[in-house]
Every structure is written in C-alpha cells, then in structure tokens.
Amino acid sequence: MRIEAERVSYTYMSGTPFETKALEDVSVTFASGLYHAVVGHTGSGKSTLLQLFNGVAKPTSGKLTIGSWSITPQTKQRDLYELRRHAGIVFQFPEQQLFDETVLKDVMYGPLNLGVDNKEAEDLARRTLLRVGIEEDLHSRSPFELSGGQMRRAAIAGVLAMEPELLLLDEPTAGLDPQGQREIMELFYSWFSEKEERTIILISHDMNQVARYSENTVVMENGRKQLEKESSVLFTDEALLEKYQLAMPETVRLLKRFQEKSGCPTALDAFTKEEALKRLLACTKKGGADV
C-alpha cells in the first residue's frame with residue numbers, strides 16, 4: 001500500500017494553552033511493497049506520523065494519500081473505517097490492549113467488528129494464533145494468564161487477523177529480552193515476505209533492527225523530515241550517522257574496525273552477524289588480515 005504525505009502538519013490540543021506542534025510541513029512517500037523505517041529521537045514526530053497513516057488522527061493541515069484513501073483535515077472519521085481494515089498498527093506494549101475473556105475471543109474481535117461471520121472469524125483467529133506461536137491449548141485461556149511474551153504475541157495476532165496490507169510498527173519489541181525481540185521481528189518479516197503488495201513501516205530506537213530489516217529509512221527531527229535514504233547507505237555512512245546522532249549498527253562497527261586494523265577492504269553493508277562473519281572470513285582467506 002503506497003503512502004504519500006503532502007505538506008502534512010499536526011498539532012496536539014490546537015487552540016488551547018497546551019497547543020503542541022508535533023509535525024510541520026512533512027512531505028514523504030512510502031512505496032508499496034517495501035519495508036520502511038522511520039527513526040528519530042523522542043519528540044521527533046515519528047509516532048504521530050504513524051498514527052496518521054492508520055487514521056487514528058487526521059492532519060491539521062496538508063493531505064495524506066494512503067492507497068485509495070485521501071485524508072485531509074475535513075475528512076470524516078466514518079470515512080476512515082475501511083482504511084483501518086487495511087492498515088494495522090502495533091503500538092508499544094500492545095498487550096495492554098487485550099481485554100476479552102479468552103485469547104481466542106480477543107483475536108476474533110477485530111474480524112467480527114469488520115463484518116466477518118463468526119465461523120470465519122474463529123478459523124482466522126485460530127490460524128493466526130498458531131502462526132504467532134500461541135498453541136491451541138492456550139486459545140481458551142484468559143489472555144491475562146499468559147506470560148508477558150505470549151501476551152505480546154496474542155496482541156499481535158489480533159492485528160494480523162484483520163489481514164492488513166499495511167503494517168505499522170511502533171517500537172513493537174519494547175520491553176522484550178533479546179531473544180524475544182528477534183523472534184517478534186522475524187515474525188513480522190515472515191508476514192511481510194509472503195505477499196509482494198504488503199508494506200511495513202517500522203519505528204524503532206534500535207538501529208540494529210532498522211538496518212537489518214528495512215530497505216528505506218526516513219529520519220525525523222523536531223517534527224520535520226530531515227533525510228530519506230536507502231538503509232544500506234545510511235547505516236554505513238559514519239558522517240550521516242553522527243550528524244543525526246544515530247547509532248552505527250554493531251556489525252558495521254565491527255567490520256569497520258576490522259578494515260582499519262587489517263587493511264583488508266570489505267563492504268560494510270552487512271547487518272546480520274552471519275553476513276558479517278562471511279565478510280570477515282572472505283577477507284582472511286585473501287590474506288588481507290593478520291589473524
């Protein structure tokens with residue numbers, strides 16, 4: 001699903017003493033079928049931008065085009081109902097949104113709310129729960145009896161069960177241990193890879209995640225778009241990373257240090273440990289490193 005923002009601004013509590021401008025004159029395009037990321041420090045406007053893409057909020061000024069939907073300040077909320085079926089959003093700590101008496105009913109809620117009949121909603125919910133790693137013996141339990149990681153997976157299943165074309169991820173692995181983070185990110189990537197038209201926009205403070213999974217990255221600062229680059233270019237450019245105060249991915253830092261000490265030239269755009277190791281081994285086999 002393609003997204004285009006044209007001079008979009010957003011102000012919280014407009015016209016009150018607490019008025020705060022979160023976005024200002026943002027123009028950006030996210031192509032369909034790609035894995036995108038939006039990064040920036042706290043208060044940069046990235047989460048607000050993501051909420052506009054789901055119709056949770058409307059721009060104060062400017063225009064959004066999301067697939068076949070156009071959103072302006074005059075757009076009625078009822079006109080965005082169908083958009084939310086196609087644009088799913090996973091907030092930070094999504095397990096806080098669990099509410100129903102069983103895990104299965106919680107995941108069924110979204111499809112039922114969209115008009116899917118009960119049998120189809122149940123079948124869809126069961127398949128999706130199994131997909132995210134929630135086994136059948138847990139489906140009839142209260143979601144509040146699950147472990148923290150299982151609750152996160154159940155909440156994600158509730159979004160995926162609505163079969164969106166666009167998946168918006170706002171710090172989806174916050175609070176998880178490293179293994180849990182990897183499993184959840186691989187789950188999203190597997191979903192994304194199944195159909196060409198699927199699109200993901202990820203917000204994360206973890207530049208290792210952003211570099212590994214995303215194809216394009218938008219950098220936000222003080223409510224404005226500062227930069228838009230291919231992720232493989234941005235995360236191997238030390239000057240750009242320093243300029244926008246973004247952490248260099250661990251694998252890039254390792255390869256860069258190796259290159260400086262060994263004198264062996266090697267491409268730095270390896271964002272998994274496996275790929276970085278291949279680069280190191282290839283270099284040592286050439287005799288370019290003193291190991």
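**Exercise 1. A small sheet**

Which residue in S5 is the bridge partner of leucine 64? Place that pair in its sheet.

*Solution.* The model is predicted.

Step 1. Find the partner. Leucine 64 has isoleucine 71 of S5 as its bridge partner.

Step 2. Look at the strands involved. Strand S4 covers residues 61–66, and three bridges join S4 to S5. The two strands run antiparallel.

Step 3. Follow the chain from S4 to S5. They form a hairpin with two residues between them. Glycine 67 sits in the turn, with a positive phi of about 60 degrees.

Step 4. Go to the next pairing. S1 and S4 are joined by five bridges and run antiparallel. Here isoleucine 3 stands opposite isoleucine 66 in S4.

Step 5. Assemble the sheet. Four strands make an open sheet in the order S2-S1-S4-S5, with antiparallel pairing. S2 and S5 (69–71) are the edge strands, and each pairs on one side only. From one strand to the next, the twist averages 20 degrees.

A general point helps here. Strands of a sheet pair through backbone hydrogen bonds, either parallel or antiparallel.

**Exercise 2. A six-stranded sheet and its helices**

Give the strand order of the open sheet formed by six strands. Then find which helices lie against it.

*Solution.*

Step 1. Write the order: S6-S7-S8-S3-S9-S10. The pairing is mixed.

Step 2. Mark the edges. They are strand S6 (87–90) and strand S10 (224–230), each pairing on one side only. Neighbouring strands in this sheet are turned by 15 degrees on average, direction ignored.

Step 3. Zoom in on one pair. S7 (residues 166–170) and S8 (residues 199–203) pair in the parallel sense over five bridges. Leucine 169 stands opposite leucine 202 in S8.

Step 4. Add the helices. Helix H1 (residues 46–53) lies across S3 (35–39), S6, S7 and S8. H1 runs at about 155 degrees to S7. Helix H5 (residues 148–160) also packs on the sheet, touching S6 and S7. The direction of H5 makes about 170 degrees with that of S6.

**Exercise 3. Links between side chains**

How many disulfides does a search of the whole structure find? Describe what is found, then turn to a salt bridge.

*Solution.*

Step 1. Count. The search finds one disulfide.

Step 2. Name the cysteines. Cysteine 264 is joined to cysteine 283, with an S to S distance of 1.4 Å. The cut-off is 2.5 Å, so this pair qualifies.

Step 3. Read the handedness. The angle about the S-S bond is -130 degrees, and the link is left-handed.

Step 4. Locate both ends. Cysteine 264 is in the loop between helix H10 (250–262) and helix H11 (273–285). Cysteine 283 is in helix H11. The two are 19 residues apart.

Step 5. Now the charged pairs. Side chains of opposite charge can pair when their charged atoms come close. The count of salt bridges is 17. One of them joins glutamate 183 and arginine 153, at 2.6 Å from N to O. Glutamate 183 is in helix H6 (residues 178–194) and arginine 153 is in helix H5, 30 residues apart.

**Exercise 4. A surface patch**

Which residues make the nonpolar surface patch of about 330 Å²?

*Solution.*

Step 1. List them. The patch is made by Tyr12, Met13 and Phe18.

Step 2. Place one of them on the chain. Methionine 13 is in the loop between strand S1 (3–12) and strand S2 (20–30).

Notes: Residues numbered from 1 in each chain as written. Predicted model: local features only at pLDDT ≥ 70, side-chain atom pairs only at ≥ 80, totals over all residues. Heavy atoms only, no water. Pairing = 2+ DSSP bridges. Axes fitted to C-alpha atoms, helices over the stretch in contact; angles between N-to-C directions. Contact = heavy atoms within 4.5 Å. Patch = residues over 30% accessible without salt bridge, like charges linked within 9 Å, V, L, I, M, F, W, Y side chains within 5 Å. Areas by Shrake-Rupley, 256 points an atom, 1.4 Å probe, with all protein chains shown as cover. Salt bridge = Lys/Arg side-chain N within 4 Å of Asp/Glu carboxyl O.
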